[in-house]
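Please find below my notes on this structure, written for a colleague who is looking at the chain for the first time. The points follow the order in which I would look through the structure.

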Amino acid sequence: MGKLNVGGQAIIEGVMMRNDEIYAVAIRKPDKEIIVEKQRKVSLMKKYKILSLPLIRGVVAFGESMVIGMKILTYSAEFFEVEGEEESKFDKWIEKKFGDKADDLIIGISIVLAMIMAMALFVLVPLGLSHLLKPVLKSSWMVNLADGIIRVIVFLTYITLISRMKDIQRVFQYHGAEHKSINCYESGLELTVENAMKQTRFHKRCGTSFLLYIVVISIFLLTLINPTTLWMRFVVRIILLPVIAGISYEVLKFVGNNSSTVLDLFAKPGLALQKLTTSEPDEDQMEVALASLKAALEVEEVIESVDTEESAEESVHEV
């Protein structure tokens, strides 16, 4: 089997794996059945060549990942809704008003709200706190440097706090299973639970590393560009966000696909941070991750070791 560039995402009681145009989702339902769904979506980078250029492709990939990730999270959550729980008036109004487009609208609203919250936490909070330090700092570049340091502290604090949440800990176990299964595949081993469990739960192309690159690269770039007023500092941060994301993507891609003493050293902070965002999975969780990976690779036998009383369902459709 030739090696393909496979990536993934942990979701509620499951894993999504992607391989080029194929996105496969495997979820273990409350009744312990594993359900597998495959979707095909052509990236905008394939439709419009200009979007596949370096720096630009990072922004496109990040945006598409957010949309697909939110859809998959919503899909996985549907299997764990509490019976008898009534829809809110807002949900009913959305469904009545927009019909089949209701889910897409809710996902769009969720993405916008997530972006606003991220901006508030990782842009406005560091910006405001660093501005308060302006009277005691000697120059505007030191204020911008303080902004970057505060952003790192906020980021690490946020990751540490969410890693302690019980529900998130389950997702982080599936995150570990995702990495282990991909590492098993990239090592050329047979995709079995036994082989995958022996692999490391860390991976250089992880989204955790990508976020860390964004934070660190923003420190250097925003310190060099040195506006003095609070308003201009905010505008510069918004304008440069796509540039920072684009650079971070290229760094992640290069470091993740190459190996040397220097590059491996460069990857270590991101791998260390994954100690918080991944946990060791159990065999049941690994089984789910492998089911998703095999489906993404279009292996005929999607699930190898599901118990006889369990079954797997698979469907393929265009998104």
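**Notes on strands, cores and salt bridges**

1. I begin with a hairpin: β3 and β4 are joined in this way with 5 residues between them, and K32 in the turn has a positive phi of about 80°. The model is a predicted one, and this applies to every point that follows. K32 is found in the loop between β3 and β4, and K32 takes its positive phi although it is not a glycine. As background, most residues other than glycine have a negative phi.

2. The pairing behind this hairpin is antiparallel, with 7 bridges joining β3 to strand β4, which covers residues 34-40. One pair that can be picked out by eye is Y23, whose bridge partner in β4 is Q39.

3. On the other side of the pairing scheme, strand β2 (residues 14-19) and β3 also run in the antiparallel sense, here over 6 bridges. M17 has A24 as its bridge partner in β3. β2 and β3 form a hairpin with 2 residues between them, and D20 in that turn has a positive phi of about 60°.

4. How many residues of strand β3 (residues 22-28) are buried? The count is 7 of its 7 residues, so that the strand is mostly covered. I22, A24, A26 and R28 point one way from β3, while Y23, V25 and I27 point the other way, and all of them are buried.

5. The largest nonpolar core has 25 residues, and those with the most contacts inside it are V6, M17, L191 and L293. At least two residues of this core come from each of β1 (6-11), β2, β3, β4, α6 (166-186), α7 (193-197) and α11 (283-296). Of these elements, α11 gives the most to the core, with 8 residues. A second, separate core of 12 residues includes F210, I217, L222 and V255. In general terms, nonpolar side chains tend to be buried together in soluble globular proteins.

6. There is also nonpolar material at the surface, where L44, Y48, I50, L53 and I56 make a patch of about 470 Å². I50 sits in the loop between α1 (44-47) and α2 (56-77). Is I50 buried or exposed? I50 counts as exposed because its relative accessible area is 56%, and the cut-off for that class is over 50%.

7. The loop between α1 and α2 is also the place of L55, a residue with a positive phi of about 80° although it is not a glycine. L55 counts as partly exposed, because its relative accessibility is 42%.

8. Turning to charged side chains, the count comes to 13 salt bridges. R237 forms one of them with D147, the closest N and O atoms being 3.4 Å apart. This pair links distant parts of the chain, with R237 in helix α9 (residues 230-257) and D147 in helix α5 (residues 140-162), 90 residues apart. Both partners are covered: R237 is buried with a relative accessible area of 5%, and D147 counts as buried at 0% relative accessibility. Salt bridges that share partners join D147, R151, R233 and R237 into one network.

9. E280 deserves a point of its own, since E280 forms a salt bridge with K180, the closest N and O atoms being 3.1 Å apart. Here E280 lies in the loop between α10 (261-277) and α11 and K180 in helix α6, 100 residues apart. E280 is partly exposed, with a relative accessible area of 43%, whereas K180 is buried, with a value of 2%.

10. E280 also forms a salt bridge with R201, where the closest N and O atoms are 3.5 Å apart. R201 lies in the loop between α7 and α8 (207-224) and E280 in the loop between α10 and α11, so this pair ties together parts that are 79 residues apart in sequence. R201 counts as buried, at 16% relative accessibility.

11. Lastly, how many disulfides are found in the whole structure? The search finds 0 disulfides. Two cysteines can nevertheless be looked up for their cover: C184 is buried, with a relative accessible area of 0%, and C206 is buried as well, with a relative accessible area of 3%.

Conventions. Residues numbered from 1 in each chain as written. Predicted model: local features only at pLDDT ≥ 70, side-chain atom pairs only at ≥ 80, totals over all residues. Heavy atoms only, no water. Patch = residues over 30% accessible without salt bridge, like charges linked within 9 Å, V, L, I, M, F, W, Y side chains within 5 Å. Areas by Shrake-Rupley, 256 points an atom, 1.4 Å probe, with all protein chains shown as cover. Salt bridge = Lys/Arg side-chain N within 4 Å of Asp/Glu carboxyl O. Helix = DSSP H or I, 4+ residues; strand = E, 2+ residues; numbered from the N terminus. Buried < 20%, exposed > 50% of the residue type's maximum accessible area, 1.4 Å probe, protein only. Pairing = 2+ DSSP bridges. Disulfide = S-S within 2.5 Å. Core = buried A, V, L, I, M, F, W, Y, C linked by side-chain atoms within 4.5 Å.
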